[in-house]
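Visitor: I am new to this structure and would like to learn how to read it. Please take me through its features one by one.

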Amino acid sequence: MITIIQSITIITQLNKVVVTKYKEDNKKLGYYDIPGRKIEERENPEQTAIREMKEETGLKVGNLKYKGNMIIEYPNRIFDFDVFVTNESEGETQEFEENTSEWIDIKELLQKEKILSNIIILDRFFIKGLIDDKYNFKMHIQVDEKENILDVKYKLKDNE
């Protein structure tokens, strides 16, 4: 099985979050996603999170806090994400060739039909690990090829 090491950034402000939405000519047409992707050579996870946010949304982010690790396991591959969170961003969300980006209410996002499995991290049950400075988390999500969640394991770690 192939493991792909990645990094993502979650920007939150007043119950809203920045997401990307895939456009035409993409097998995930219409799906919402959290910005971030593969760590490039000579990058650390935080540098990747900053670069990918700019490339996928047009936003410049700062003051990133490492919040934990999220593994998404598909039948034939594994994505291993370092997760960062911030509420500091500059600029406006933009549209790109492969995706659009936008601010969206978290509750509204969770009701969408086409969301990638990583969006579950924003569910009220899990969000404490993202917003409370006292905690980091470890999450393992098992999914099928259609993004249906089969199993979720979640653990909060006290930072103190």
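**Reading the fold**

Guide: The protein chain has three helices and 11 strands. Helices (H or I, at least four residues) and strands (E, at least two) are DSSP runs, numbered from the N terminus. This is a predicted model, in which local features need pLDDT of at least 70 and side-chain atom pairs count only at pLDDT 80 or more, while totals for chains, interfaces and linings use all residues. Residues are numbered from 1 along each chain as its sequence is written, and side-chain values use heavy atoms, with hydrogens and water left out.

Visitor: In what order do the elements of the protein chain run from the N terminus on?

Guide: The order is β-β-β-β-α-β-β-β-β-β-α-α-β-β.

Visitor: What radius of gyration does the protein chain have, and what would a compact globule have?

Guide: The radius of gyration is taken over C-alpha atoms, and the globule rule is 2.2 Å times the number of residues to the power 0.38. With 160 residues, the rule gives a value near 15 Å, and the protein chain has 15 Å, so the two agree. The C-alpha trace spans about 40 × 35 × 35 Å along its principal axes.

Visitor: How many of the 160 residues, as a percentage, are buried?

Guide: Buried means under 20% relative accessible area, exposed over 50%, and partly exposed in between (1.4 Å probe, protein chains only). Buried residues make up 46% of the 160. The protein chain exposes about 9200 Å², of which carbon and sulfur atoms supply 46%; accessible areas come from the Shrake-Rupley method with a 1.4 Å probe, and for residues only the protein chains shown count as cover.

Visitor: What share of the contacts with a separation of 6 or more joins residues 24 or more positions apart?

Guide: Contact means heavy atoms within 4.5 Å. Of the contacts with that separation, 63% are between residues 24 or more positions apart.

**A helix and a strand residue**

Visitor: How do I read helix α1, and which of its residues are buried?

Guide: An α-helix has 3.6 residues a turn, so residues three or four places apart point the same way. In α1, the buried residues are Thr48, Ala49, Arg51, Glu52, Met53, Glu56 and Thr57. Their cover includes β1, β2 (16-22), β4 (36-38), β5 (60-62), β7 (77-86) and β9 (99-105). The helix has 13 residues and reaches 18 Å from its first C-alpha to its last, close to the 18 Å expected at 1.5 Å a residue; the expected span is 1.5 Å times one less than the number of residues.

Visitor: What does Glu56 touch, leaving aside neighbours within four places in sequence?

Guide: Glu56 lies in α1, residues 45-57. Its contacts beyond those neighbours are Thr20, Pro35, Gly36, Arg37, Phe96, Asn99 and Ser101. Glu56 counts as buried because its relative accessibility is 10%.

Visitor: Is Ile5 buried or partly exposed?

Guide: Ile5, in strand β1 (residues 2-13), counts as partly exposed because its relative accessibility is 41%. Not counting residues up to four places away in sequence, Ile5 touches Lys38, Ile39 and Asp80.

**Rings and turns**

Visitor: How are aromatic pairs described, and how many are there?

Guide: A pair of aromatic rings is described by the distance of the centres and the angle of the planes. Rings of Phe, Tyr and Trp (its six-membered ring) pair if their centres lie within 6.5 Å; planes under 30 degrees apart count as stacked, over 60 as edge-to-face and the rest as tilted. By this rule there are five aromatic pairs. Phe79 and Phe81 are stacked, at 6.3 Å centre to centre with 25° between the planes. Phe79 is buried at 18% relative accessibility, and Phe81 is buried at 4%. Phe137 and Tyr154 are also stacked, at 5.8 Å and 15°. This pair links distant parts of the chain, with Phe137 in strand β10 (residues 135-143) and Tyr154 in strand β11 (residues 149-158), 17 residues apart.

Visitor: Which residues have a positive phi without being glycine?

Guide: Asn63 is one of them, with phi near 55°, in the loop between β5 and β6 (65-73). Glu147 has a phi of about 70° and lies in the loop between β10 and β11. Asn63 is partly exposed at 46%, whereas Glu147 is buried at 10%.
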